[in-house]
Amino acid sequence: MAWGGRFLSFKVSNFRLSGGLSLRRFSVLEGAFLLMLALMTSRVLGVVRQVIFNALFGAGPDANAYYAAARLPDTLYNLIAGGALINAFIPVFLAYEKEKGDREAWRLTSLVFNMLLVAMTAVLLIGEYIAPAFVNHVLIPGYSSAEKDLTTTLTRIMLLQPLILGMGTVITAILNSRRQFLLPALSLAVYNVGLIGGLLVARFVPGVGIYGPTYGTLVAVLLQLVVQLPGLAKQHVRYSFIWDFRHPGLRQVLILLLPNALAVGVAYIGNIIDTHFTSYLPDVASLAALHNAEMLQALPVALIGQAIGQSLMPHLAIESTAGRYVRMSQMAWKVIGASIVLTVPAAIVLAVLGKPMIHLLFQHGAFDPHASELTNLALLGYACALPGLAAGNLLSGGFFALKDAWTPFVTNTYALLMRWFMLYFLFQFLHGTMAILVVPLALAIAAGSEAAIMAALLLLRLRRKRKHDKGMQRLEQRRRYLKARQQTSA
């Protein structure tokens, strides 16, 4: 069975469990299906993880310290690697593979890996040094000294996570560029296995406490790396120790990476700002409630924005590299349009079913009814942010495929400033228990307006490039030839 055309086709036979499954190339829909399936598995395991975590730690000081401690490692990883590196690497890798052959493409890959290893090691050392000042004065200035000290300790442990994830990101980028999404999808699914293991250690080994899930985070990212190694080996990767700052391919990657990393960094700075504001909220359970609500909202965002966007990106890059802008435009808008439509019913489902879902899943052990009510209130605000977040993830891929990383950086900067302004503005009107709505509503307004701006800019950019489309140029040449031939025969 196949439908949807060349890149939007869906063949059931491609999912048969015969040899070479991890080497098959998938269409946009097939890749998105694999990633959605993996994300669904990961999120289900994530719910299991969160149920255990809430039962053990509830919304108390240990939980707040754990949630806050993840902010700096996540920001540093995404600033240097993460989606920023994938979006910068794939277009350049595909261009090198097409124009200069496999040997030069693998030399470029080795160079990027070597540079990333050195950069992430330096980031780890700097992060360890600045962690106390960052936690005390930037991240959670409104918390007690004991909570600040615990958060600092957990942050320093979690700072190993970006180094491990950075190495896995290069592997993910290689496999995605070959349109092989199976193992990257499995890596998403196994992440929560390590975290659940850490929580079980905390549950059954006396004295471990919050350090169980903290070290479980490191086990989780190691599993993500290991599960992709067989796919990398089958690509016949030729690693070489190369260190050349003047390499033209590296220069192209860095030109895309710099604004891309800044754009991602700006987005994660928004999370730090949220945590900063939350530390001053009168309800001590606010940070844990926001984390739980954001986790539930993240499922539809990941399924629609991340899965489809990650699957779509290599195809958009191929069309852009080949100069087929009309086909690129058609592919992008079909997928993006269908995906945006899905977010509206998803947001309604979150708003309507959020309260019973939170009560059923999380209200156990140390997670009391008050924490459950606060989480539901936060989820109502995050549901409003869902369409804008999913659309923004998809729209940014169109600019990265065009090797334009500055436009997403500019729009992300706008979103950060808008988010910061709305935090201050909404805090003037929402007080008491309702104050928790300030954080998700500020995100919703910023993300929605940013997505609208990005859609308008991308549509304008693709319209301008239609005249440079190679297919259109050949068609125009054909028309001129036929017209000249008719005039000659007349």
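A word on helices before anything else: a helix here is a DSSP run of H or I covering at least four residues, and helices are numbered from the N terminus. That numbering will come up throughout this talk.

What you have in front of you is a predicted model. The chain has 490 residues, and 56% of them are buried. It contains 16 helices and zero strands. Looking at contacts with a separation of 6 or more, 82% are between residues that sit 24 or more positions apart. The exposed area of the chain is about 21,300 Å², with carbon and sulfur atoms supplying 67% of that.

Let me go to the inside. The largest nonpolar core has 114 residues, and the members that touch the most others are Phe 53 and Tyr 66. Which helix gives this core its largest share? That is helix 5, residues 102-139, with 13 residues. The core lies between domain 1, which is 24-268, and domain 2, which is 281-473, because both domains give residues to it. There is also a second, separate core of 13 residues, and among its members are Tyr 325, Ala 391, Met 454 and Leu 458.

Back to Phe 53 for a moment. Setting aside neighbours within four places in sequence, Phe 53 contacts Gly 58, Ala 63, Tyr 66 and Tyr 67, and also Leu 199, Ile 210 and Pro 213. Tyr 66 therefore appears twice in this account: as a contact of Phe 53, and beside Phe 53 as a residue touching the most other members of the core.

Two buried residues are worth pointing at. Ala 317 is in helix 11, residues 286-321. Its relative accessible area is 0%, so Ala 317 counts as buried. What does Ala 317 contact, leaving aside neighbours within four places in sequence? The list is Ile 90, Pro 91, Leu 94 and Ala 401. Ala 317 and Leu 402 are 85 residues apart along the chain, yet their C-alpha atoms are separated by 7.0 Å.

The other one is Thr 343, in helix 12, which spans residues 325-362. Thr 343 has 1% relative accessibility; buried means under 20%, so Thr 343 falls in that class. With the same exclusion of sequence neighbours within four places, Thr 343 is in contact with Ile 304, Leu 386, Pro 387 and Ala 390.

Now the charged pairs. The count of salt bridges comes to five, and I will go through some of them. Glu 104 and Arg 103 meet through their side chains at 3.2 Å, N to O. Glu 104 also meets Arg 107, at 3.9 Å, N to O. Arg 107 and Glu 104 are three residues apart in helix 5, so about one helical turn separates them. Are these residues buried or exposed? Arg 103 is exposed, at 55% relative accessibility. Glu 104 is partly exposed at 23%, and Arg 107 is partly exposed at 27%.

Another salt bridge pairs Glu 128 with Arg 156, at 3.9 Å, N to O. Glu 128 is in helix 5 and Arg 156 is in helix 6, residues 145-158, so this pair ties together parts 28 residues apart in sequence. Both are partly exposed: Glu 128 has a relative accessibility of 23%, and Arg 156 has 35%. As for Arg 103, Glu 104 and Arg 107, salt bridges with shared partners join them into one network.

Last, the surface. There is a nonpolar patch of about 670 Å², made by Val 118, Val 237, Tyr 239, Phe 241, Trp 243 and Phe 245. Where does Trp 243 lie? Trp 243 is in the loop between helix 9, which is 211-234, and helix 10, which is 248-278. Trp 243 counts as partly exposed, because its relative accessibility is 39% and that class runs between 20% and 50%. A patch residue has to have over 30% relative accessible area, and Trp 243 at 39% is one of the residues that make this patch.

To recap: a chain with 16 helices and zero strands, a nonpolar core of 114 residues lying between two domains, five salt bridges, and a nonpolar surface patch that includes Trp 243. That is what I have.

Key: Residues numbered from 1 in each chain as written. Predicted model: local features only at pLDDT ≥ 70, side-chain atom pairs only at ≥ 80, totals over all residues. Heavy atoms only, no water. Patch = residues over 30% accessible without salt bridge, like charges linked within 9 Å, V, L, I, M, F, W, Y side chains within 5 Å. Areas by Shrake-Rupley, 256 points an atom, 1.4 Å probe, with all protein chains shown as cover. Salt bridge = Lys/Arg side-chain N within 4 Å of Asp/Glu carboxyl O. Buried < 20%, exposed > 50% of the residue type's maximum accessible area, 1.4 Å probe, protein only. Contact = heavy atoms within 4.5 Å. Core = buried A, V, L, I, M, F, W, Y, C linked by side-chain atoms within 4.5 Å. Domains from an automatic or database assignment.
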